[in-house]
Amino acid sequence: MKRPTLFIGCDGLYFNDEAEIPVPSLLINSPPPCIFLSICHPQPDCAEKIRQWQILAPEVTIEYETYTRDLTALSANEKKAFFANYRFIRLHEFVRRSAKDVFFLDVDSLVRNDLTQLSQHFANSDIAIRLRLDSKKIKFKLLAGGIYIQHNAISLAFLNRLAKRLHNNQRWFADQIALYHSLRWTRGLRISDLNQTYFDWEFEDHALIWTGKGERKFTNAKYVSYAEQLLTQFRTQSANAPHQAILTKPQPEPLVNIWRPAYMLKFFKTILGK
């Protein structure tokens with residue numbers, strides 16, 4: 001069973017501040033066949049950072065895209081929401097053209113073990129995402145920080161619908177609301193819970209991925225200590241590696257037409273087989 005391709009999307013400033021954590025953790029603990037980075041408004045040293053990662057793991061293909069948008073009319077909060085939401089539009093386009101199973105990962109996450117577990121455990125699922133269906137507020141009924149996506153027609157229909165809902169959307173929490181409704185409206189979608197065994201914000205030792213939500217990535221001693229350990233290992237290996245690498249920078253393709261469904265599927269817990 002192969003590891004999924006990894007997709008990470010964010011803005012350039014956040015990439016510089018946070019991406020030094022998840023990518024080295026991937027390269028050390030679970031090198032995927034491909035990492036795809038989607039970076040809006042990249043900083044000048046973006047390509048050099050990626051080159052260093054490729055030096056560490058030449059067997060991993062690291063692809064990336066950079067793009068800019070005119071956001072001068074947006075407030076600071078609207079800009080943050082734009083970056084959070086637009087990465088799902090790029091995710092849809094990447095999955096559509098790559099024809100690969102993909103794991104979408106927040107940039108403030110730490111991979112602690114082999115991601116082959118995802119492909120094995122969710123082989124019969126189209127989508128795996130952290131569900132919290134007991135929450136009364138729609139925006140809290142799931143978490144958008146990690147999504148396993150099996151490449152097939154039904155998952156592409158889900159991503160297509162999600163991209164439409166987030167197009168030109170600059171509202172905070174719109175991504176999690178759009179994810180919830182897109183899951184509801186996609187007929188026949190097989191959904192599994194990416195529970196805390198796989199995706200954990202309490203930093204339990206058994207978890208596959210630690211996600212550093214909010215200030216936790218700065219204030220939790222366990223998270224900070226493990227991140228520093230990984231960075232030290234990464235920098236040591238990078239310093240000793242031969243300085244040669246080939247990066248692939250694909251050009252973004254135009255978004256495909258996104259269609260509206262003519263039906264609605266009720267979203268009960270029974271979709272999980274419970």
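Student: In strand β4 (residues 102-105), which residues are buried on the side other than that of Val102 and Phe104?
Tutor: This is a predicted model, in which local features need pLDDT of at least 70, side-chain atom pairs count only at pLDDT 80 or more, and totals for chains, interfaces and linings use all residues. Residues are numbered from 1 along each chain as its sequence is written, and side-chain values use heavy atoms, without hydrogens and water. Buried means under 20% relative accessible area with a 1.4 Å probe, protein chains only. Both faces of β4 are covered, one by the buried Val102 and Phe104 and the other by the buried Phe103 and Leu105.

Student: Which residue of β4 is the bridge partner of Thr5?
Tutor: Strands are DSSP runs of E, at least two residues long, and helices runs of H or I, at least four. Strands pair if there are at least two bridges between them; β1 and β4 have 3 and run parallel. The partner of Thr5 in β4 is Val102.

Student: Which residue of β7 stands opposite Val102?
Tutor: β7 pairs with β4 in the antiparallel sense, over 4 bridges. Opposite Val102 in β7 is Ile149.

Student: Why is one side of β3 and of β8 left without a neighbour in the sheet?
Tutor: The sheet is open and has 7 strands with mixed pairing, in the order β3-β2-β1-β4-β7-β6-β8. β3 (61-67) and β8 (191-193) stand at its edges, so one side of each has no neighbour, each having a single partner strand.

Student: By what angle are neighbouring strands of the sheet β3-β2-β1-β4-β7-β6-β8 turned against each other on average?
Tutor: Axes are lines fitted to C-alpha atoms, and angles between N-to-C directions run from 0 to 180 degrees. For neighbouring strands in this sheet the direction is ignored, and the average is 25°.

Student: What angle does the direction of α7 make with that of β7?
Tutor: α7 packs on this sheet and touches β6 (127-131), β7 and β8. The angle of its direction with that of β7 is about 55°.

Student: How far apart are the axes of α4 and α7?
Tutor: Contact here means heavy atoms within 4.5 Å. Ala84, Asn85, Arg87 and Phe88 on the α4 side meet Ala174, Asp175 and Leu179 on the α7 side. The two helices pack at an angle of about 35°, and their axes are separated by 9 Å.

Student: How many residues of the contact between α4 and α7 are charged?
Tutor: Asp, Glu, Lys and Arg count as charged. Among the residues of this contact, 4 are nonpolar and 1 is polar, and the number charged is 2.

Student: How many residues of helix α2 (residues 22-29) are buried?
Tutor: Pro22, Val23, Pro24, Ser25, Leu26 and Leu27 are buried in α2. The helix has 8 residues and is mostly covered, the buried number being 6.

Student: Which strands stand at the edges of the sheet of 3 strands?
Tutor: This sheet is open with mixed pairing, in the order β5-β10-β9. Each edge strand has a single partner, so one side of each is left without a neighbour; the two are β5 (109-111) and β9 (199-200).

Student: In β10, which residue is the bridge partner of Asp200?
Tutor: β10 (residues 209-211) pairs with β9 in the parallel sense, over 2 bridges. Asp200 has as its partner in β10 Trp210.

Notes:
Buried means under 20% relative accessible area, exposed over 50%, partly exposed in between (1.4 Å probe, protein chains only).
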